[in-house]
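Biologist: I am new to this structure and should like to learn how its features are read. May we begin with the contacts of a single residue?

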Amino acid sequence: MGRVTQRRKVLRIRDGAVSTRPDTLVAEEPLEIRLNGKPLAITMRTPGDDFALAAGFLVSEGVLAAASDLQNIVYCAGAIADGSNTYNVVDVRTTPGVSLPDFTLERNVYTSSSCGLCGKASLDAVRTTTRWPIADSPRLRVTPAFLAGLPERLREAQRVFDRTGGLHAAALFTEDGELLDIKEDVGRHNAVDKLVGRALQNGELPLSRTVLLVSGRASFELAQKAVMAGIPMLAAVSAPSSLAVDLATETGLTLVGFLRGGSMNVYAGDDRIVLAEETETAKG
């Protein structure tokens, strides 16, 4: 739709020299997600891949688990008073017979908040709704060198970031290092939803042989989305939250943070990391 970026006039100051010029900014607009005609959630996102975003969001909320659960997704016409379409409202229709969660007040707060509910309530919500428990058998295993090379590959694949410098990204890699997909968005949680939603549409869930890499930090919300899609390993270039670590420990997710250069911290699931001494033992 050509709405990923927008131009704005800025006052530029460089070493005392002042000038005006147009600047390219990443677009941010609200997306309302409706489920079978009823409003469910609103997220601020970068326009593009909206149907995948909505589908991925509903995977993380335990509504969708397979392409067969999804009947269709459409933009809602007449989204504003004059009847024109803003392309900011989508309606997700589930296949008849798909059971829906009970979206209580507590559940609605949980789904719409970027931080989720606190403590045990959040962990219980994920444990009781996931339909793709992490089940990589045989165990997915990678080396620190493999992980260390992923951030640069993510950065090289970020097309819009080069023009704006204002986007987060999420990418899926195979255990052999193949880049399966990458999405960019003003919200890293939206980027992950776009990845998961596309996988659902393509009939590729669960993503049990993949590594998810995200720019920025690893929040509880991102760990939740990885678990709900059956992803066994989540790596982030910045810090995880304490609740993200708790969720990873409880569900068997491998969680890697501060992935920068050759250094990283493994907060949970370190048995999926092949260490140097293990390699030497195998050689011996």
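Modeller: Contact means heavy atoms within 4.5 Å. Not counting residues up to four places away in sequence, Thr210 touches Leu140, Leu172, Phe173, Leu180, Ile231, Pro232 and Met233. This is a predicted model, in which local features need pLDDT of at least 70 and side-chain atom pairs count only at pLDDT 80 or more, while totals for chains, interfaces and linings use all residues. Residues are numbered from 1 along each chain as its sequence is written, and side-chain values use heavy atoms, with hydrogens and water left out.

Biologist: Is Thr210 buried or exposed?

Modeller: Buried means under 20% relative accessible area, exposed over 50%, and partly exposed in between, with a 1.4 Å probe and protein chains only. Thr210 has a relative accessible area of 5%, so this residue is buried. Thr210 belongs to strand β9 (residues 210-214); helices (H or I, at least four residues) and strands (E, at least two) are DSSP runs, numbered from the N terminus.

Biologist: Which strands form the open sheet that holds β9?

Modeller: Strands of a sheet pair through backbone hydrogen bonds, either parallel or antiparallel. Two strands pair if DSSP finds at least two bridges between them. Here 6 strands form an open sheet with mixed pairing, in the order β8-β7-β9-β10-β11-β12. Its edge strands, β8 (179-185) and β12 (263-268), each pair on one side only. β12 pairs with strand β11 (residues 254-260) in the antiparallel sense over 4 bridges, and Ser263 in β12 is the bridge partner of Arg260.

Biologist: Which helix packs on this sheet?

Modeller: Helix α5 (residues 150-157) does, touching β7 (168-174), β8, β9 and β11. Axes are lines fitted to C-alpha atoms, for helices over the stretch in contact, and angles run from 0 to 180 degrees between N-to-C directions. The direction of α5 makes about 120° with that of β7.

Biologist: What does Ala148 show about residues that are distant in sequence?

Modeller: Ala148 and Arg260 are 112 residues apart along the chain, yet their C-alpha atoms are separated by 6.8 Å. Ala148 lies in helix α4 (residues 144-148) and is in contact with Leu259, Gly261, Gly262 and Met264, leaving aside neighbours within four places in sequence. At 25% relative accessibility, Ala148 counts as partly exposed.

Biologist: How is a nonpolar core recognised, and which residues touch the most other members of the largest one?

Modeller: A nonpolar core is a set of buried Ala, Val, Leu, Ile, Met, Phe, Trp, Tyr and Cys residues joined through side-chain atoms within 4.5 Å. The largest has 50 residues, of which Leu212 and Leu234 touch the most other members. A second, separate core of 18 residues includes Phe146, Leu147, Leu154 and Met233.

Biologist: At what angle do α1 and α8 pack?

Modeller: Helix α1 (residues 50-60) and helix α8 (residues 220-228) pack at about 90°, with their axes 8 Å apart. Angles under 35 degrees count as roughly parallel, over 145 as roughly antiparallel, 65 to 115 as roughly perpendicular and the rest as oblique. α1 and α8 are therefore roughly perpendicular to each other. Where they meet, Phe57, Val59 and Ser60 come from α1, and Gln224, Lys225 and Met228 from α8.
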